[in-house]
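Trainee: Could we go through this structure together, so that I learn how each term is earned?
Mentor: Gladly; let us look first and then take the terms one by one.

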Amino acid sequence: MAGSSSSIWLRLAQSLRTIWDEDDAAHPAKTTKAGSRSDKPKRAFSVESAADRLQQMLQRDPRLKAKLHIVSLVEFRDWVGDKWPRLAGKVALIVEQVIRRHVGQGNPFCQDGEDRWVIAFPELSPEEARERTLAVVEDLGRRLFGEQSGEGQRSMAVATEVSVADAVSAEGVLDVIHVDAAIRESRAFVSSGVVADSVNQWKPMERTEQSRREEPAWEVMEGQSAKAPAFDPDMAVPLPPAARLSLVWRPTWVASGEAISAYGARVIRIDHEGAEALEGCRAYPPGDVAAALRLDRFVTSSAVRDIVAAMRSGDADRNQASVIIPLSWASLSSDQRGSVVIPFSELPQETRNTRLVVEVFGIPDGTTTPELESVVSFVRSLCREVLVRTRMSAKRSSLAAEIGVSMVGLDLSELRPDERMDDERLLETLSRVQEATAKDGIGCYLWSARHRRVVGGVVQSGFEMVNGPGLMKDIGRPAIVMPAPRARFIAA
């Protein structure tokens, strides 16, 4: 019976009540000229009658071959492991918002268990129903994990469909065993990498008509060697399990507002008592993906903790500054990169869209355009903008702007011994860097400037951002926006 508490029809009908109530709130009954409410009776809604109607439309005529669509997050649940109980409630809210955005009015849905949702499309064609379910899966990828289509990527949301005749009893009870089997089959299909026109596959990224006509000319971003380490191998030793990690924030001057209006996260690693502190990229052992993942997970979780603490303080000035979070190429190009960005889901969407900036560093020599574009696309869905950090000897190109990078930059702490130079020569070199990037239509920035003269020089020469001891010392938390007019740096 549709009225049974275990009935899938009754649970689906509950969402129709919500839509009904929201529609009434958005379109209240009109009043007469005398100020009294219209005599037209208010519409009445009954969950039970709606459930009966759903059952009639989807179950009682077997010739329709009606289906229910299932969206499962079992892949994501397995991936996050012990963190699932903490994330489940937040994830459920996000999933509900995404489903509402795509299924359309009159198409009910409900949560079934902790990690799956059931959607019905009683009046849509099978093709349109699949398209809308696929839209839900793709949007979930962007909202929760930033997953993008492409070879080698694995979807964290899985969709399948089950026949009402096979999966729902006459009393309206959903056959969980049948549903679980369908999900397992879809997971195996997705994992196999088979390409097919199916609701279980991500859509490929669309190219413009112009790009389809032209043969793409792939560039090599940096150098001639293939996959060489980005930095001197002596910069970092293997990361020991007992290493102590901490995070500081570096005040950053931003040209657009002529203010210290951004704060860059910077990891500090101490391997044992009395050991030298390794900061930033020097904390990352070259070629060690596991260490990069461990460090980047620490950076994102600690940074989000500090951002949330600032938001809870209620200090409006503190919540206007941008936050720049550097993440390594080694982790962002790995198949476990989703685990690095999970903490971002704890930030409100508005905060991610307006304040969060992600910087990609440690890009190897020989990285090709498709590889860089894949990582940038993944990151761009998580934040306001993407920065790419290169090396002094690296080639800078308009390619960065074409794939959605807002700026390219340098970190002076990464200079190799043979790249060290005095302030005068450094400023000359940086001026040429700025001119080259300006011609390519993209901005540039500089980190770790130790001398006031260098800070003043890059501010005057047109760099978009600068930080380092020559500007301000590191602090424990992101702070307020502080005016710093360009004229202040003239003396320097």
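Mentor: This is a predicted model, and a good place to begin is the side chain of Asp 139, which makes a polar contact with the side chain of Arg 101 at 3.0 Å.

Trainee: What makes this pair a polar contact?
Mentor: The cut-off for a pair of N or O atoms is 3.5 Å, with one atom able to donate a hydrogen and the other able to accept it; the side chains of Asp 139 and Arg 101 are 3.0 Å apart, so the pair qualifies.

Trainee: Where is Asp 139 found, and which residues is Asp 139 in contact with, leaving aside its neighbours within four places in sequence?
Mentor: Asp 139 belongs to helix H5, which covers residues 126–145, and with those neighbours set aside the residues in contact with Asp 139 are Val 98, Arg 101 and His 102.

Trainee: Does Asp 139 count as buried or exposed, and how do you know?
Mentor: Buried means a relative accessibility under 20%, and Asp 139 has 4%, so Asp 139 counts as buried.

Trainee: Why is strand S6 described as largely enclosed by the rest of the structure?
Mentor: Strand S6 spans residues 259–270, and because 11 of its 12 residues are buried, the description is justified.

Trainee: What makes S5 and S6 a pair of strands?
Mentor: Pairing requires at least two bridges, and strand S5 (residues 244–254) and S6 have 11 bridges in the antiparallel sense, so they pair; Ser 246, for instance, stands opposite Ile 268 in S6. S5 and S6 also form a hairpin with four residues between them, and in the turn Glu 258 has a positive phi of about 45°.

Trainee: How do you know that S6 and S14 pair?
Mentor: Strand S14 (residues 482–483) and S6 have two bridges, in the antiparallel sense, and since at least two are required, the condition is met. Ala 259 stands opposite Pro 483 in S14.

Trainee: Which way do S6 and S8 run, and how many bridges join them?
Mentor: S6 and strand S8 (residues 322–328) run parallel and are joined by three bridges, with Ala 262 opposite Ser 322 in S8.

Trainee: In the open sheet with the order S2-S3-S1-S4, why do S2 and S4 stand at the edges?
Mentor: This sheet has four strands with antiparallel pairing, and S2 (109–111) and S4 (158–163) each have a single partner strand, so one side of each is left without a neighbour in the sheet.

Notes: Residues are numbered from 1 along each chain as its sequence is written. This is a predicted model: local features need pLDDT of at least 70, side-chain atom pairs count only at pLDDT 80 or more; totals for chains, interfaces and linings use all residues. Side-chain values use heavy atoms; hydrogens and water are left out. Buried means under 20% relative accessible area, exposed over 50%, partly exposed in between (1.4 Å probe, protein chains only). Contact means heavy atoms within 4.5 Å.
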